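Biologist: I should like to learn how to read the features of a structure file. May we go through them in turn?

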Amino acid sequence: MNPRRFWLQLVTWVGVYIALILAPLVVAGLGTLPPARGFWIEFGVGLGFVGLAMLGLQFVLTARFRQIAEPFGTDALLQFHRQAGIVSYWFILGHVIVLLLADFDNLTFFDPRVNAPRSVALVTVLILMTLLVVLTLKRERAGLVYEWWRLTHGIFALLVVFIGMAHILMVGYYVAPLWKQAIWVVLTLAAMGLLVYVRLVKPLQALKHPYTLVDIRREAERTWTLDVKPAGHEGLRFKAGQFAWITFGGSPFSLEQHPFSFSSSAARNERLQFTVKELGDFTSEIQRLAPGQRLYLEGPYGAFTLGEAGSDGALFVAGGIGITPIMSILRTLRDQQDSRSHTLIYGARRLEELAFHDEIEQMKAALNLQVIYVLDEPSEGWVGEQGYVTRELLERVCPTSLADVEYFVCGPEPMMDLVETTFRQWGVPLRTLHAERFNIA
Ligand SMILES: Cc1cc2nc3c(=O)[nH]c(=O)nc-3n(C[C@H](O)[C@H](O)[C@H](O)COP(=O)(O)OP(=O)(O)OC[C@H]3O[C@@H](n4cnc5c(N)ncnc54)[C@H](O)[C@@H]3O)c2cc1C
């Protein structure tokens, strides 16, 4: 993407976001206003309005709208969603604390003797919001299975936003006119509807376009490639580097919906390929799938893709199974007979874990491709790079002329943190640095 367009989109989206979270304050200030109650009370109320607006927008960020995700990438969008969730938590908590400090009588809001349903609802919101943040940050340490985290995350979020809206309507201070109440109800229900859209409408669309597993084969140690073809329809078109959400089995409504990058060439989409590494309960069972198995795809998503034109080539850094979207890009470049110069730094623990090793070697004949393998536990006789991908290694092996190059990083968290930080310190512009994290919560 050209720099001007990138920055224009960034400024536009950030501007729209800020305008939307401040919109409740503007709406509250319209029409005949009730008497002012002192700065801190109004400030505390403002925090609550903005916090709830941010929570409502969280549903928009995760509604899988391509228009929102594509300029910056799903990864950046989900990181933003995560940070916005934490900030909105502090806004809601700030709302409570400031109002209590400004007037201790506000404690009656939590007094069950005054209004039991209200106090239960408000305490519930605070507990649910705390759980939303803590379980997201500590899910793995808490041993919470991803699917259950995702289910509870959605339900908790729905409850919080619904109770938040009811709280605003019941306090009623700035929403006395019916039209203001209507705005809150409609926007809250619309935000909640987006979750229903992702969990019900999208799977319903997928149900009409099933796919069949044609072949499954071992690609490397504990790594399997699935060949998939559309069953009775034209299938989908994707850009190399994108991913799809996949559900295996009888229904696309299953909680077991997992994201996998296309590993096949985008220039040949009559058969799609996904390459899956055994990692947890679901992926460890993948080898048991048999040809003929029905599956459902939702996508394509993601912006881990080469720009339409303009760059002089690409520098790819892959760690482990992070090679899959990069393999799709390389295969596509090969099919397009791309003549630009590309570099691939590919790290894995052992040679046996390097998926696509032979094909990448063959690609060197068709593409202007330099490959640097980095093995953490090499076997005897290995002459390539050893250890982890480090800053020193990047400085040593990356081409010296990196102007107009697009950067792609996909792999384990520590590797991504290091590589992204290094590239940023080298002055790589955000618009040419593409990062895909496989761990989204
Ligand atoms: C954009 C994207 C592209 C990916 N592409 C590939 C790929 O090409 N090949 C590959 O092997 N892996 C890929 N992954 C990772 C893959 O989705 C997870 O490894 C897989 O879902 C793990 O499931 P599990 O139950 O076996 O493991 P678990 O041990 O249950 O989970 C391991 C981690 O995977 C993530 N995860 C688990 N379940 C889900 C789910 N339903 N939805 C989203 N994330 C989940 C969580 O972060 C979790 O901590 C990709 C992930 C993302 C986000």
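Modeller: The dialogue below takes up the ligand site, a surface patch and some backbone features.

Modeller: This is a predicted model, in which local features need pLDDT of at least 70 and side-chain atom pairs count only at pLDDT 80 or more, while totals for chains, interfaces and linings use all residues. Residues are numbered from 1 along each chain as its sequence is written, and side-chain values use heavy atoms, with hydrogens and water left out.

Biologist: How many residues surround the ligand, and which are the closest?

Modeller: A residue is near a molecule if one of its heavy atoms lies within 4 Å of it. Here 26 residues surround the ligand, the closest being Arg139, His258, Asp281, Thr283 and Asn439. They divide into 11 nonpolar (Ala, Val, Leu, Ile, Met, Phe, Trp, Tyr, Cys and Pro), seven charged (Asp, Glu, Lys and Arg) and eight polar (the others, Gly among them).

Biologist: Which polar side-chain atoms lie close to an oxygen atom of the ligand?

Modeller: A polar contact is a pair of N or O atoms within 3.5 Å. A polar side-chain atom of His258 is 2.6 Å from a ligand oxygen atom, and one of Thr283 is 2.5 Å from a ligand oxygen atom. The protein covers 92% of the 870 Å² of accessible area that the ligand has on its own (Shrake-Rupley method, 1.4 Å probe).

Biologist: Which strand gives the most to the shell around the ligand?

Modeller: Strands (E, at least two residues) and helices (H or I, at least four) are DSSP runs, numbered from the N terminus. Strand 4 gives the most, with five residues.

Biologist: Which residues form the nonpolar patch on the surface?

Modeller: Patches are made of residues with over 30% relative accessible area and no salt bridge (a side-chain nitrogen of Lys or Arg within 4 Å of a carboxyl oxygen of Asp or Glu), and nonpolar side chains (Val, Leu, Ile, Met, Phe, Trp, Tyr) are joined within 5 Å. In this model the members are Val26, Leu30, Trp179, Ile183, Val186 and Leu187, with about 560 Å² of accessible area together. Helix 7 (residues 178-207) contributes the most, with four residues.

Biologist: Is Arg64 buried or exposed?

Modeller: Buried means under 20% relative accessible area, exposed over 50%, and partly exposed in between (1.4 Å probe, protein chains only). Arg64 is buried, because its relative accessible area is 14%. Its phi is near 60°, a positive value in a residue other than glycine.

Biologist: Where is there a cis peptide bond?

Modeller: Such a bond joins Gly299 and Pro300, with omega about 0°. Pro300 belongs to strand 6 (residues 294-301).

Terms used:
Patch = residues over 30% accessible without salt bridge, like charges linked within 9 Å, V, L, I, M, F, W, Y side chains within 5 Å. Polar contact = N/O pair within 3.5 Å; in protein donor to acceptor, adjacent residues only side chain to side chain.
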